[in-house]
Amino acid sequence: MRIVLNDVTKEFAGRGSKQGKTVKAVDHFSAEIPDGVLVALLGPSGCGKSTTLNIICGLETPTSGTVFFDDTDVTHMPVENRGVGMVLQHYALYPMMTAQNNILFPLENLKGKNKLTKPEMLDRVQTVAKLVQIEDLLDRKPKELSGGQQQRVAIARALVKMPKVLLLDEPLSNLDARLRIQTREEIRRIQRETGITTIFVTHDQDEAMSISDFIIVMDHGVIQQIGEPQEVYDKPENLFVAKFLGTPQINIFNGVIREKKLWIGSDPVMDVEGMDEGKEVFVAIRPEGLVPNPDGTFKCSVQSVEVLGRDISVVFQHEESTEPKLRAIVSSEFGLERMTQEMSFSILPSKIHLFDKETQKRIAWESIQ
Ligand code: ADP
Ligand code: MG
């Protein structure tokens, strides 16, 4: 199923400190999600991810704009007619029911021509239980299951009606780190096996990058960028996206163009072509783009060194940055003994991004190296 959102806006009456005002939870959101893909809806808490998902499934009606499933306008269609399976952000299994009965539950409410016989229902439960690998756990009640197993039951329950669309709202948030990775790989596998168009909501950029075909990055209800994970990481369209993707976070400096060079403070770090003389910019440099080099033109004062196993994280400060801690990720082969208080780096051109100081939008530039 292809999902299309056309200029969708959702306003709520403000609560608490925003009493009397309207909150735009989703702001002119337009996107097309092709059939059979897994897309991540990524953004910080409160940016409108759940509201967008609720509009797609029918729990909320947009203030303006339309939602299409293939060629059908579903904007005002009730939830139960949309054929979506959903795992809500704060889902709950029925505590008194076994896993099997939890999964069966949505089928028992089917009416009319969709109604299934008991053997048909049990057959469906077996199929989805197998898919999420909980066949042996069907007789257990939720409290007898681990967090990860409960999560699988919730996914099985969302899948049992064989939906054409699967919506997952932060489905891994109550799992520990190792289980999160395992379960996200499982979700990817299930999505590939079933080919169900899936929207996966998360505030975790790592999660979004690792499992999705493409990412929609949101902030304050507004789409910031849509693209394949690598593309969004390599070519952030604005400062927000640059900062939101990547761990450790990208380093931001004040820079200026003078005599066809990009300067950070008193260091000429890069030759550039086609930019206005005297233009001030934000310079964003990925931690892996800083390469220790005694002849490098970019100098900084090292604060500390963190050993990460495969890599070393060099923590440094720079007077042209507002961030108190900046980082370079260096191969552990580089050797700690060569780290001094003052270090020089060269910068990989592909890891450096320039943004306009006012609009915070990406500036196209050419390196002449
Ligand atoms: P996210 O899922 O990205 O954390 P939400 O979609 O839940 O964000 O919320 C987006 C914004 O809309 C927030 O400011 C939130 O407080 C507000 N909001 C969400 N639902 C309601 C509601 N039912 N009434 C009023 N404000 C709401
Ligand atoms: Mg949410």
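**Entry 1: α2 and α3**

I looked up how helix α2 lies against helix α3 in this predicted model. Helix α2 covers residues 99-108, and helix α3 covers residues 118-131. Their axes cross at roughly 125°. An angle over 115 but not over 145 degrees counts as oblique, so α2 and α3 are oblique to each other. The axes come within 10 Å. I also checked the hand of the crossing: α2 passes α3 in a right-handed one.

Which residues make the contact? From α2 I noted Gln-100, Ile-103, Leu-104, Leu-107 and Glu-108. From α3 I noted Lys-118, Met-121, Leu-122, Arg-124, Val-125 and Val-128. I then sorted the residues of this contact by character: seven are nonpolar, one is polar and three are charged.

**Entry 2: the sheet**

Next I turned to the strands. Five of them form an open sheet. I read the order as β15-β19-β16-β17-β18, with antiparallel pairing. Which strands sit at the edges? They are β15 (290-292) and β18 (326-331), and each pairs on one side only. From one strand to the next, the twist averages 50°.

**Entry 3: β16 and β17**

I picked one pair from the sheet for a closer look. Strand β16 runs over residues 298-307, and strand β17 over residues 311-317. How many bridges join β16 and β17? I found six, in the antiparallel sense. I also looked up what faces Val-305: Val-314 in β17 stands opposite.

Note on methods
Residues are numbered from 1 along each chain as its sequence is written. Chains are lettered from A and ligands numbered from 1 in the order in which they are written. This is a predicted model: local features need pLDDT of at least 70, side-chain atom pairs count only at pLDDT 80 or more; totals for chains, interfaces and linings use all residues. Side-chain values use heavy atoms; hydrogens and water are left out. Axes are lines fitted to C-alpha atoms, for helices over the stretch in contact, and angles run from 0 to 180 degrees between N-to-C directions. Helices (H or I, at least four residues) and strands (E, at least two) are DSSP runs, numbered from the N terminus. Angles under 35 degrees count as roughly parallel, over 145 as roughly antiparallel, 65 to 115 as roughly perpendicular and the rest as oblique. A crossing is left-handed if the near helix is turned anticlockwise from the far one by less than a right angle, and right-handed if clockwise. Contact means heavy atoms within 4.5 Å. Ala, Val, Leu, Ile, Met, Phe, Trp, Tyr, Cys and Pro count as nonpolar, Asp, Glu, Lys and Arg as charged, and the others, Gly among them, as polar. Two strands pair if DSSP finds at least two bridges between them.
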